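Thanks, everyone. I'll keep this short. Have a look at the model first, then I'll walk through it.

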Amino acid sequence: MKVPGFFKRFGPVLLALSVFAIGVDQARAADPKPATAAEPVKLQGLRGGTPLNQDNPPANHRQERDHPVGDRDFVQMPPLIPHTIGGYQITKNFNKCMDCHAWQKTKESGATKISVTHFKTREGVELDTVSPRRYFCTQCHVPQSDAKPLVGNTYERAKGMK
């Protein structure tokens with residue numbers, strides 16, 4: 001069968017246009033009510049309806065007071081802080097956590113010693129003092145609180161940690 005010159009030349013373009021038209025038709029069928037410019041999309045974030053230039057009032061939860069250290073949920077999880085840290089100062093010149101958790105002070109305070117990993121640089125060189133990248137404790141460690149999850153989840157502890 002001989003294909004006429006017109007179809008030989010424009011056949012692929014016509015085929016592409018017809019496939020595109022079918023796709024547009026199916027998209028319209030899947031979304032029968034297209035969004036219009038007058039109808040804004042409603043999204044609900046964790047901030048609720050609070051504008052970005054305003055703060056939400058703080059959630060009604062409290063840091064838990066002194067109690068035993070909690071279990072960890074995964075292998076490399078930093079331990080939670082089992083006491084309140086309100087008013088603790090951690091600056092480049094002073095770290096209140098070291099008053100109890102520095103190795104030379106743990107016998108007297110009864111606090112947990114900071115990990116040996118906190119004395120290594122990024123390149124693995126061991127230092128005599130806490131590494132600058134591990135000095136600001138609250139970058140990784142957070143106080144325990146009775147706060148409820150903001151969103152539901154199905155997280156389960158690592159099998160080896162149960």
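Let me start at T112. T112 is exposed, because its relative accessible area is 53%, over the 50% cut-off. You'll find T112 in the segment after α3. One thing to keep in mind: this is a predicted model.

So what does T112 touch, once residues up to four places away in sequence are set aside? The answer is H101 and T106. Take H101. T112 and H101 are 11 residues apart along the chain, and their C-alpha atoms are separated by 5.9 Å.

Now the overall layout. The protein chain has three helices and zero strands. Along the sequence, the pattern reads α-α-α. The chain has 162 residues, and buried ones make up 12% of them. The exposed surface is about 14000 Å². Carbon and sulfur atoms supply 58% of that surface. On contacts: take those with a separation of 6 or more. Residues 24 or more positions apart account for 46% of them.

Next, the core. Which residues build the largest nonpolar core? There are eight: C97, M98, A102, I114, F119, V130, Y135 and C137. Look at I114 within that set. Leaving out residues up to four places away in sequence, I114 touches M98, H101, W103, F119 and V130. Of those partners, M98, F119 and V130 are also listed in the core. H101 is the residue we just met as a contact of T112.

On to the rings. How many aromatic pairs does a search of the whole structure find? Two. One is W103 with F119. That pair is edge-to-face, with 6.0 Å centre to centre and 85° between the planes. The pair links distant parts of the chain, with the two positions 16 residues apart in sequence numbering terms: W103 sits in the loop between α2 (98-101) and α3 (106-109), and F119 sits in the segment after α3. Their exposure is worth a look. W103 counts as partly exposed, because its relative accessibility is 38%. F119 is buried, because its relative accessible area is 14%.

The other pair is Y135 with F136. Edge-to-face again: 5.1 Å centre to centre, 90° between the planes. Buried or exposed, what is Y135? Buried, at a relative accessible area of 18%. F136 is partly exposed, at 31%.

Back to W103 for a moment. The charged end of K113 sits over the ring of W103. The distance from the ring centre is 4.6 Å. So W103 has an aromatic partner in F119 and a charge over its ring from K113, and W103 is partly exposed at 38%.

Now the cysteines. The disulfide count comes to zero. C97 is in no disulfide, and its nearest cysteine sulfur is that of C137. Why is there no bond between C137 and C97? The two sulfurs are 3.8 Å apart, which is too far for a bond. The cut-off is 2.5 Å. Both cysteines belong to the largest nonpolar core. C97 is buried, with a relative accessible area of 11%. C137 counts as buried too, at 13% relative accessibility.

Two more stops, both after α3. The first stop is K120, in the segment after α3. K120 counts as partly exposed, because its relative accessibility is 34%. Which residues does K120 touch, not counting those up to four places away in sequence? They are V125, E126, S131 and R133. As for P132, it lies 12 residues from K120 along the chain, and the C-alpha atoms of the two are separated by 9.2 Å.

The second stop is T129, also in the segment after α3. T129 is exposed, because its relative accessible area is 53%. T129 and F119 are 10 residues apart in sequence. In space they are 6.0 Å apart, C-alpha to C-alpha. F119, remember, is buried at 14%.

To close, three things to look at again. The core of eight residues, with I114 and F119 in it. The edge-to-face pair of W103 and F119. And C97 with C137, 3.8 Å apart at the sulfurs and not bonded. That's it from me.

Technical notes: Residues numbered from 1 in each chain as written. Predicted model: local features only at pLDDT ≥ 70, side-chain atom pairs only at ≥ 80, totals over all residues. Heavy atoms only, no water. Core = buried A, V, L, I, M, F, W, Y, C linked by side-chain atoms within 4.5 Å. Buried < 20%, exposed > 50% of the residue type's maximum accessible area, 1.4 Å probe, protein only. Contact = heavy atoms within 4.5 Å. Phe/Tyr/Trp six-rings, centres within 6.5 Å; stacked < 30°, edge-to-face > 60°. Helix = DSSP H or I, 4+ residues; strand = E, 2+ residues; numbered from the N terminus. Lys NZ or Arg CZ within 6 Å of the ring centre and 35° of its normal. Areas by Shrake-Rupley, 256 points an atom, 1.4 Å probe, with all protein chains shown as cover.
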